[in-house]
Amino acid sequence: AVEKGLNLVFKPNPKDGNQHVAPVYHVNLDNDHIREILDNLVENAIKYTPKGQVTVDVNGTEDSVVVSIQDSGIGIPAEDMPHLFQKFYRVNNEETNQIGGTGLGLYLCRKLAEAMNGRIWAESTYRQGSTFNLELPRISSQEATNLQSQQALAAQSASDTSVNKVESVAAIETPILTSAPNPQPVANQ
């Protein structure tokens, strides 16, 4: 975005300098899948926007969280919209011929979204820009707090177990190593 002179805006960014976004939207899904989808959508928005800006926004309802990536780019012709998320599909026109790609990115985004019981869709006006939306199932703040507590307990338990194993190994090894002041060499068998 910087190289192209584009503005990259994260809309929920608090105006008061506070690092907390309100309201907080929680999902209990694969972080790598979410990151892969959002990276691809933002990268595409930048790639297909010659000038202007790319805006990322987050909204939600009781049941879902929607992340939208809007650009002021080249847009997508109406006849190409139904095919966007198909494997190996690329919009083929004078604007896109100069831009590389395999036609797999949006297909993989759709598959990952579906694997998380979510969905992805696009809205676009040719030569005016596009908005790609990722909708994921939302969990309540209470569910998120409970899951975080369970994860913290599991991590603490795993940490305690590994410390106990190290202490028990050390307790067993120490007497063995110090019990024989003049150890006898062991013959190879």
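So, two strands count as paired here if DSSP finds at least two bridges between them. Keep that cut-off in your heads, and keep in mind too that what we're looking at is a predicted model.

With that, let's go to the sheet. Strand β3, residues 64-71, runs antiparallel to β5, and seven bridges join the two. If you want one pair to click on, take S68, which sits opposite N133 in β5. Now look at the other partner, β4, residues 119-125. That strand is also antiparallel to β5, again with seven bridges. A pair to click on there is R119, whose bridge partner in β5 is E135.

So is β5 itself mostly buried or exposed? Eight of the nine residues in β5, which covers 129-137, are buried, so the strand is largely enclosed by the rest of the structure.

Okay, the turn. β4 and β5 make a hairpin, with three residues between the two strands. R127 is in that loop, and its phi is positive, about 70 degrees, even though R127 isn't a glycine. There's another non-glycine like that to look at: N117, with a positive phi of about 60 degrees. You'll find N117 in the loop between α2, residues 105-115, and β4. N117 comes out at 67% relative accessibility, so we call it exposed.

While we're around the hairpin, let me stop at S124, which is in strand β4. With 23% relative accessibility, S124 counts as partly exposed, because the cut-off for buried is under 20%. What does S124 touch, leaving aside neighbours within four places in sequence? The contacts are G75, I76, M81, G129 and S130. Two of those are polar. The S124 side chain reaches the backbone oxygen of G129 at 3.0 Å, and it makes a side-chain to side-chain polar contact with S130 at 2.7 Å. And if you like C-alpha distances, S124 and A78 are 7.8 Å apart in space while being 46 residues apart in sequence.

Right, on to the core. As a general point, nonpolar side chains in soluble globular proteins tend to be buried together. In this model, the largest nonpolar core has 25 residues. The ones with the most contacts inside that core are I37, L41, I69, L84, F85, I120 and F132. Who contributes? The elements giving two or more residues are α1 (31-47), β2 (53-60), β3, α2, β4 and β5. The largest share is from α1, with six residues.

Let me zoom in on one of those well-connected residues, I69. Not counting residues up to four places away in sequence, I69 touches a long list: L38, L41, V42 and A45, then V54, T55 and V56, and finally S130, T131 and F132.

Last topic, charges. In general, side chains of opposite charge can pair when their charged atoms come close. How many salt bridges does a search of the whole structure find? Four, and I'll walk through some of them.

Start with D57 and K11, whose side chains meet at 4.0 Å, N to O. This pair ties distant parts of the chain together: D57 is in strand β2, K11 is in the loop between β1 (7-10) and α1, and they're 46 residues apart. For anyone thinking about electrostatics, D57 has 15% relative accessibility, so it counts as buried.

Next is R35 with D32, at 3.3 Å, N to O. These two are three residues apart in helix α1, which means they're separated by about one helical turn. R35 is partly exposed, with a relative accessible area of 47%, whereas D32 is exposed at 54%.

Then there's R110 with E114, also a salt bridge, with an N to O distance of 3.3 Å. Both are in helix α2, four residues apart, about one turn of the helix. R110 is partly exposed at 24% relative accessibility, and E114 is partly exposed too, with a relative accessible area of 39%.

To wrap up: β5 is joined by bridges to β3 and to β4, the largest nonpolar core takes its largest share from α1, and the D57 and K11 pair links distant parts of the chain. That's my tour, so over to you.

Note on methods. Residues are numbered from 1 along each chain as its sequence is written. This is a predicted model: local features need pLDDT of at least 70, side-chain atom pairs count only at pLDDT 80 or more; totals for chains, interfaces and linings use all residues. Side-chain values use heavy atoms; hydrogens and water are left out. Buried means under 20% relative accessible area, exposed over 50%, partly exposed in between (1.4 Å probe, protein chains only). A nonpolar core is a set of buried Ala, Val, Leu, Ile, Met, Phe, Trp, Tyr and Cys residues joined through side-chain atoms within 4.5 Å. Contact means heavy atoms within 4.5 Å. A polar contact is a pair of N or O atoms within 3.5 Å; within protein, one must be able to donate a hydrogen and the other to accept it, and residues adjacent in sequence count only if both atoms are side-chain atoms.
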